[in-house]
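Me: I'd love a close look at a single part of this protein. Could you walk me through its pockets?

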Amino acid sequence: IMKRRDFFKTSIAAAGALAVASSAEAAGQPRDDREISNLAFPEKKPMITYSDRPPLLESPRSTFARVITDNDAFFVRWHMPEIPTYVDTNTFRIKISGLVKQEFEISLDDLKNDYEQVEVTAVLQCGGNSRSAFSPTAGGIQWGSGAMGCAKWRGVRLRDILERAGLKKNAHWIGFNGLDNASYYKTPNFIRELHLDELDDHVIVAYEMNDEDLPYLNGYPVRLVIPGTYSDSWVKMLSEIRVTENYEKLFFMDVAYRVPDNETESETPDKKYPKTKPIVKMNVKSIIGYPENRTKVHFGSHVVVRGVAFDDGTGITDVLISTDMGETWEKAILDNGKAGRYAFRGWRCTIKPNNFGKLTIMAKAINRAGDEQPFAQDILWNHGGYKYNGIDEVTVEVV
């Protein structure tokens, strides 16, 4: 098992990397003009960098020409700046407490040897992914479309851990906390809660990502995996699982990561909708991985457009491609979906550019429930800039 001493000291300067090109993308599209850093964090390739404390790294668009996201290109999102620079796996423990018949602690070796080992391939996506597409600007990190990734996660079912502890009759909620902390003592910890009714066999405590130890920046040594939900619920460096009877009011559940509880009325910067709900389940989305914006393609050539699509696990049935600004659409070819319903669904479509100059390629996904990506003008604005899933676009140059 890798020991990570003074992890961040080797790359603390990496945040100086953000550079913004002069050109801007079309209104209603996530910004795609940020340059990749010249520096890299440990275990990561150079990525689009927003901050080093806490680390905020975005994957470039080209990452999404493949179904599985490489660990060294997987996006990074932390909320708290105080992240341990060293985790000793010999002494690391997850504490199980609260309304259980037996409180105990689990070591990394316990996870690997005392429970059935399971795997699930699932998309991890920040709730603010593509936030920069909102106009006017919504609060938060102005992500492009790369605050997401898909990996094969290996670990132990949360349900198996709770069964070993034994739940008391009045147990209804499960709280999760990690090792990261705020710099200011009054800042609340990043604690998430899950109702027992939301628990299924796909919710796991994972220690591996794509057949390797979790990268440090992605939650080493263990993290929570809740397929189909946004990443704010996937607690990193998981250190405590606490079972309670009642829901406990928490900042990151009751204030942050919420959207209007209304599907027809938009918020405005001056007016917040009075009733809100947590973002929780991911909506349907597709991203073009190749070609990228400003790619030069040859007139009359056969250009294979590639990308990925996903939702909350309902299942992608179609991805449609347009080269005439949405007037007509052509079906892309979907992969066999063997990675599972929570994974990226890869797709490809061949186009033949027949005019010189700029060409806009659009992609939208549709799932089994009939949900499809909307045009940008049909997306309701919200203060948090959450859940943007407008039809994706790239503009290439035909030469």
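Reply: Happy to; here is a tour of the two largest pockets.

This is a predicted model, in which local features need pLDDT of at least 70 and side-chain atom pairs count only at pLDDT 80 or more, while totals for chains, interfaces and linings use all residues. Residues are numbered from 1 along each chain as its sequence is written, and side-chain values use heavy atoms, with hydrogens and water left out.

A pocket here is an open set of points on a 1 Å grid over the protein atoms alone, where a 1.4 Å probe fits and protein lies on both sides within 12 Å along at least five of seven lines; lining residues have an atom within 4 Å of a point. Volume is the space filled by probe spheres set on the points, which are joined across faces, edges and corners.

The largest pocket holds about 600 Å³ of space. It is lined by 25 residues, and E263, N283, L380, K387 and N389 are the closest to its centre. Sorted by class, that lining has 10 charged (Asp, Glu, Lys, Arg), 9 nonpolar (Ala, Val, Leu, Ile, Met, Phe, Trp, Tyr, Cys, Pro) and 6 polar residues (the others, Gly among them).

The second largest pocket has a volume of about 350 Å³. Its lining has 21 residues, of which E193, L194, E198, T229 and V280 are the closest to the centre. Two or more lining residues come from each of β9 (192-195) and α3 (251-254), elements taken from DSSP runs numbered from the N terminus (helices H or I, at least four residues; strands E, at least two). Strand β9 gives the most, with 3 residues. By class, this second lining has 10 nonpolar, 8 charged and 3 polar residues.
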